[in-house]
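Work through the exercises below with the sequence and the model side by side, trying each task before reading its solution.

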Amino acid sequence: HADGGFGGRFVDVCGVQLPRAECSSGDGDADDSGSRGPSLVLTAGARAALLAAALALARRRPVLLEGPPGCGKSALVRELACRTGHAKSMAVVHLDDQMDSKSLLGTYACTKTPGEFVWAPGVLTQAVARGFWVVFEDIDLAPPEVITALLPLLEGRQLHLPGRAGTLAAHPGFQLFGTVSVGGSGAVAGGAAHERTRPLWSAVALDAPAEDDMADILAALHPELARVAPAVLDTLAAVRSVCAGGAGAGPALASVQPDAGSDGGEQDASPREQKQSQQSVRYGRALTVREMLALARRLGGVAAANARPEGPAGVAALSTEGRELACREAIDVFAAHISDARERSTVLAAVARAWGVPSERAEYFDMMHAPTMSSIATELSVGRASLTRSRAGARPASERRA
């Protein structure tokens, strides 16, 4: 990132000079960009949103990021935080209607001394005092009590603390972000309390990535999948095509060319598969870039071991074994959470078609697959997840005997 001068105290973000975070430890934390991978791929839409957010930051305005799920709202904040050195001092709070203002502002807590109470500041109070960034995910879901507590910050960078004298002025480095997911019609979903405070934010709109943008994102974040990237995109499109309402637009499926070890000819959908493809799956959420990247993260080893270095790209770049391994990973990402047997079978058939695998094989993979579990003295592993065992959590022998 270009240095904006002034002794390295500023950083250039899309032509806007933003102050770097103060680095009190002297260990170089003020710029986290050197030790991280890309968090935001700068497509045309993302670059415009980044510029709009940088302009709001330069004016110390609270920033409200609005867009459909999976469009990059959180990734944009992380990108700004990394560029300005706030990545390690940023608090992310997921809001819902169960959140109360005490969790954010603080409360009096009892001590070991009977009858003695001390003030315990909440996450928002600490951030305001110390100049940290705070991101409120789904700010539109916050109850009126929380929105009311935020009003002084939105209006004048002041925080009122109930039960304590005076107000707390925000540190110059403090910054407030909010995210809001919009529906397919572009309308913001949220409560009346949030709508009343919306003019106090600097709104930044993000759109869902277009097909070309999704290909660019995949290429930038997973260059090792260059040979099979079209198949990853086709898988997302295939599942979208059988979901209710399409679950968002996607690229068209590419034809699958058989490898040298197959029995020849493209695989046509069977009558059963054609009937399944006409049935709509209630997927429960929009299929976005998140699912595409989840599949991509799983396919690195498959592509490295099974992709041909030359010839057509996509499914045709993989051997029969490679296509089946990739299909298994796609089943885990797109179908494992579906409980309804018919809908699960429909998604399995769509995934199988995308990878050139018979639907019967996909059904077999799904039926036979079970996460492996291993337990040793120091670690418990289930599938890809591992938990470290801690001796500190063990009960004393006297309690175990009791």
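**Exercise 1: a hairpin**

Describe how strand 13 and strand 14 are connected. The two strands form a hairpin with 2 residues between them, and G383 in the turn has a positive phi of about 60 degrees. Next, strand 13 (residues 379-382) and strand 14 (residues 385-388) pair in the antiparallel sense over 4 bridges, where pairing requires at least two bridges found by DSSP. Finally, E379 stands opposite T388 in strand 14. The model is predicted, with local features needing pLDDT of at least 70 and side-chain atom pairs pLDDT 80 or more, while totals for chains, interfaces and linings use all residues. Residues are numbered from 1 along each chain as its sequence is written, and side-chain values use heavy atoms, without hydrogens and water.

**Exercise 2: the largest nonpolar core**

Find the residues that touch the most other members of the largest nonpolar core. This core, a set of buried Ala, Val, Leu, Ile, Met, Phe, Trp, Tyr and Cys residues joined through side-chain atoms within 4.5 Å, has 46 residues, of which M292, F334, V347, V351 and W355 touch the most other members. Among the elements giving two or more residues to this core are helix 12 (320-334) and helix 13 (341-354), whereas its largest share, 8 residues, comes from helix 8.

**Exercise 3: placing a tyrosine**

Decide how exposed Y364 is. First locate Y364 in helix 14 (residues 359-368); then, because its relative accessibility is 39%, Y364 counts as partly exposed, the class between buried (under 20%) and exposed (over 50%), with a 1.4 Å probe and protein chains only.
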